[in-house]
Amino acid sequence: MLTSSTGQHEAQERREAARALLMRPILVAHRHPTELALVRRHATALKSTFASLLGYHLVVESGFARLIKSPLPKEAPIRPARRANGSPFTAKTYTYLALVCAGLLAPDVGDQVLVSHLVEQLRADAASAGIHIDDSLPERRHLVAAIELLVEWGVLVETDGTVAGWGERREEALLTITRGLLPHLLARPLHPHTRPSDLWAVDADVPEQPRRSLRRKLVDNPVVWREELTQGERDALSRERTELTRLLDEAFGLSLEVRAEGALAYDTDGELTDLPFPGTGTVRQASLLLLDALIDTLRPTARSEVILADRRIPGVLAPWPLVEECLAELSTRYAKMWRDDQPGRLRSDCVATLTSLDLAIATDEGLIIRPAAARYRPNPQIAARKTRARQRVDEVPLFDLDPNPEAT
């Protein structure tokens, strides 16, 4: 018979294993031995949890685990694959990634392959598909980025030599393939589809459970806006918040915060995030200070909203001249600490950061600052409320949080 402490320990292990899969949907033995061992130990419970709560399929084998997610909704922020230097994949890099995966599945490729042989296979496949590629250094760098991503995922192992060495100096490299993982890289087969939109159309005629789709949105994209929820999801958020809070905490260690403009599922430990904010570096510091300056200048209220393409979006519009003015002032004030950068580059980097976090929306007229951005203001104070109903946290818009005038 299990004791209470044993049961708590088992629950904690299952939660840690689930969190590991959310952080890295692909776990391989040679890169993540501890996490994979934990997932394998609780494989049955984890498969049930992911299937029932999120509608995800979990594959667990002796050498790897693969959490296969459903496609994100179109309104979700884009999270591209990235190179080692942090730059996002381009369409050409994704093309190379697809060609490399196809080449690894070729009949004459065993458990190991030389990079030169893989490249020959890739070029043959590209030619048969009518895709032109050459042997220039920029092209090789796209190819190297694609292969290095597979190395990061654990699909490939650099057994002898490195892919980067081949790309820069044509030094041969031997790669070992985690062959059993290859068929599970894609969430679903691509050959029946001709357009990317067809992937979403597959599930269009299948009724979705509002509770499950709401949980999936909160886990995959922590900030969820009410105007982007279906009526069923809004009802589930309002009526079953207590149960939703319990499930997210028990299964994944996430805390739920609900406000007028939407909901946020966050990790108090800061582990389950791919975009830490605030953080170090010029761009994140500038983005944080820019939010503070814009909110302080525009003074939005709880009723502030912007009409965008016939949608009413809670928030306030900061015209581009104001954004540039605030950034120019900040750049002058912090010139000694920030890197020497072009104002236009700093603006584009800050906008990219804020939009990727869903704290802002870039439009032709300017930057729409979402109410959730107010949580990053220094020393917020909650304004006085007139009724008990207004004291409910889900009726407190974040634009009601006013900064302390004496805060620095």
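**Close-up views of a predicted model**

**Figure 1. Surroundings of tyrosine 96.** Beyond the residues up to four places away in sequence, tyrosine 96 touches Leu122, Ile133, Asp134, Glu139, His142, Leu143 and Ala146. The model shown here and in the other views is predicted. Tyrosine 96 belongs to helix α4. With a relative accessible area of 3%, tyrosine 96 is buried, because the limit for a buried residue is under 20%. Arginine 140 lies 44 residues from tyrosine 96 along the chain, and the C-alpha atoms of the two are separated by 9.7 Å.

**Figure 2. The second largest cavity and its lining.** Two cavities of 30 Å³ or more are present in the structure, and the second largest has a volume of about 50 Å³. Its lining consists of Tyr96, Val119, Leu122, Arg123, Ile133, Asp134, Glu139, Arg140, Leu143 and Trp166. Helices α5 and α6 are the elements that give two or more residues to this lining. By residue class, the lining of the second largest cavity comprises six nonpolar residues, four charged residues and no polar ones.

**Figure 3. The largest nonpolar core.** This core has 40 residues, and Leu104, Ile147 and Leu150 are those with the most contacts inside it. At least two core residues come from each of β1 (26–28), β3 (64–68), α4 (91–104), α5 (115–128), α6 (137–153), α7 (163–169) and β6. Helix α6 supplies eight residues, the largest share of the core. Leucine 150 is in contact with Leu97, Val100, Cys101, Leu104, Val155, Leu156 and Leu185, when its neighbours within four places in sequence are left aside. A second core, separate from this one, has 37 residues, among them Leu36, Leu214, Leu256 and Val258.

**Figure 4. Strand β6 and its two partners.** The side chains of strand β6 (residues 174–177) alternate between two faces. Leu175 and Ile177 point to one face and are buried, whereas Leu174 and Thr176 point to the other face and are not buried. Strand β4 (residues 112–114) runs antiparallel to β6 and is joined to it by three bridges. Within this pairing, threonine 176 of β6 is the bridge partner of glutamine 112. Strand β5 (residues 156–160) also pairs with β6 in the antiparallel sense, over four bridges. Here leucine 174 of β6 is the bridge partner of aspartate 160.

**Figure 5. Strand β12 beside strand β14.** Val316 and Ala318 form the covered face of strand β12 (residues 316–319), and Leu317 and Pro319 form the uncovered one. Strands β12 and β14 (residues 366–369) run antiparallel and are joined by four bridges. Alanine 318, on the covered face, has leucine 367 of β14 as its bridge partner.

**Figure 6. Glutamate 257 in strand β8.** Glutamate 257 is placed in strand β8 (residues 255–259). This charged residue is buried, at a relative accessible area of 17%. Its contacts, not counting residues up to four places away in sequence, are Gly262, Ala263, Leu264, Tyr266 and Arg375. Arginine 241 is 16 residues from glutamate 257 in sequence, with a C-alpha to C-alpha distance of 9.5 Å.

**Figure 7. Two loop residues with positive phi.** Most residues other than glycine have a negative phi. Arginine 299 has a positive phi, near 50°, and is found in the loop between α12 (282–298) and β10 (305–308). Aspartate 358 likewise has a positive phi, of about 65°, and lies in the loop between α14 (343–356) and β13 (360–362). Arginine 299 counts as partly exposed, because its relative accessibility is 45%. Aspartate 358, in contrast, is buried, with a relative accessible area of 8%.

**Figure 8. The whole chain, for orientation of the close-up views.** The chain contains 14 helices and 16 strands. Of its 408 residues, 41% count as buried. Among contacts between residues at least 6 apart in sequence, 62% join residues at least 24 apart.

Conventions. Residues are numbered from 1 along each chain as its sequence is written. This is a predicted model: local features need pLDDT of at least 70, side-chain atom pairs count only at pLDDT 80 or more; totals for chains, interfaces and linings use all residues. Side-chain values use heavy atoms; hydrogens and water are left out. Buried means under 20% relative accessible area, exposed over 50%, partly exposed in between (1.4 Å probe, protein chains only). Two strands pair if DSSP finds at least two bridges between them. A nonpolar core is a set of buried Ala, Val, Leu, Ile, Met, Phe, Trp, Tyr and Cys residues joined through side-chain atoms within 4.5 Å. Contact means heavy atoms within 4.5 Å. On a 1 Å grid over the protein atoms alone, a cavity is a set of points where a 1.4 Å probe fits but cannot get out, and a pocket is an open set with protein on both sides within 12 Å along at least five of seven lines; lining residues have an atom within 4 Å of a point. Grid points are joined across faces, edges and corners, and a volume is the space filled by probe spheres set on the points.
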